[in-house]
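Dear colleague,

Please find the structure below. My notes on its metal site and ligand follow.

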Amino acid sequence: MTTFEAISGRLDALAIEVPSWAYGNSGTRFKVFGSPGTPRTVEEKIADAAAVHRFTGLAPKVALHIPWDLVDDFGKLRAYAEDLGVELGTINSNTFQDDDYKLGSLTHADPAVRRKAVQHNLDCIEVMNQTGSRDLKIWLADGTNYPGQADIRARQDWLAEGLRKIYDQLGDDQRLVLEYKFFEPAFYHTDVPDWGTSYVHCAALGDKAFVCLDTGHHAPGTNIEFIVAQLLRLGKLGSFDFNSRFYADDDLIVGAADPFQLFRILVEVVRGGGYGPGSDVALMLDQCHNIERKVPGQIRSVLNVQEMLARALLLDTDALAKAQAEGDVLAANQVLMDAFYTDVRRDLAAWREERGLPADPMAAYLASGYQEQIENERVGGAQAGWN
Ligand code: PSV
Ligand code: MN
């Protein structure tokens, strides 16, 4: 059995990217509840993200969504973030909230709409040049609701053409990550529904294109760790959007619905070289806090990732390989479960203290007065949300 002491140094490499929109209001189609202290500006979102990093030491980057986080001067925003101790991360383009995109964006039958969607992504690359971001993340709401509604084959060709135009404008150190999702908002077909479709387009584009895996974007029961293993094997896993779900794309706190699944995913991440100083895989969150407070919601999320990562690192890979080679089904399963069932919470508390972090980041946040401060200060103005 591997000891915590043996793996504790490896935990230092954990750097999670939090989404700016997690700090804004969100909800379902039934209701979006406001909450006291919700940011009104992108600067306030970044301040909240910086608080998560201050208390946990785990979240040094914030992902932005354009146009939700559009500002006049991204160089200034970058300096603002850096002063607070965080960097600006992935730039998410948004071709799903404009009336023109009702029937598609990069896959729309009208070339003018396709051009507009391409141009928006090129504008996002310009933002990346100013923020110093590496990744452009593209998720398309494109799809249809009824059989026969559109030419699903032609749409793949238009998609390939549009992605090529975007890809060709990437700088040498920039990447495109293409996120897939099996349904919603479209209910019959989606133009990038699965990892295979994303992989096909990324492989055609070249070595700066990668697949983005959002854990909430699969049919129930899908073996996500297998997809992780396959994409790492192919060298095409670019990033994660971590969240958890009970039913569809619930965007709940990571590890809340199924901690064992999170563990199994992280085991394959570690095994496949997707974690650590040599890896370019971005560990991002994509979450919404509809009813819980948002900053502690993010703190809980990053702590859950750290906890399951520690358990994944504790896996006795030699013992596992031996049992697998011997075809010892029960022993192999036991080795895996031993790591999963290991309670690392006290060890992690000590690990944090050794690094000058609060042993219990959640308690430290709640005692810090930050929540009361933002609730008192952020009065008036329009609370941020998905607009
Ligand atoms: C789509 O459901 C998605 O996962 C994409 O990443 C979007 O950009 C994001 O949600 C917004 O939260
Ligand atoms: Mn996502």
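Are D214 and D241 buried or exposed? Both are buried, that is, under 20% relative accessible area, where exposed means over 50% and partly exposed in between (1.4 Å probe, protein chains only).

This is a predicted model, in which local features need pLDDT of at least 70 and side-chain atom pairs count only at pLDDT 80 or more, while totals for chains, interfaces and linings use all residues. Residues are numbered from 1 along each chain as its sequence is written, chains are lettered from A and ligands numbered from 1 in the order in which they are written, and side-chain values use heavy atoms, with hydrogens and water left out.

The manganese ion (ligand 2) is coordinated at 2.1 to 2.2 Å by E179 (OE), D214 (OD), D241 (OD) and D286 (OD); donors are N, O and S atoms within 2.8 Å of the metal (3.2 Å for Na, K and Ca), and sites may look incomplete, as water is not among the atoms. The angles among the six donor atoms of the manganese ion (ligand 2) run from 72 to 165°, and the site is octahedral (six donors, opposite ones over 155 degrees apart and all others between 65 and 115).

Around ligand 1 (a heavy atom within 4 Å) lie residues including W21, H65, W139, H217 and W386, as well as the metal donors E179, D214, D241 and D286. Oxygen atoms of ligand 1 have polar contacts (N or O atoms within 3.5 Å) with the side chains of K181, at 2.9 Å, and D249, at 3.1 Å. The protein covers 97% of the 310 Å² of accessible area (Shrake-Rupley method, 1.4 Å probe) that ligand 1 has on its own.

With kind regards

How values were computed: Tetrahedral: all angles 85-135°; square planar, octahedral: opposite > 155°, others 65-115°. Polar contact = N/O pair within 3.5 Å; in protein donor to acceptor, adjacent residues only side chain to side chain.
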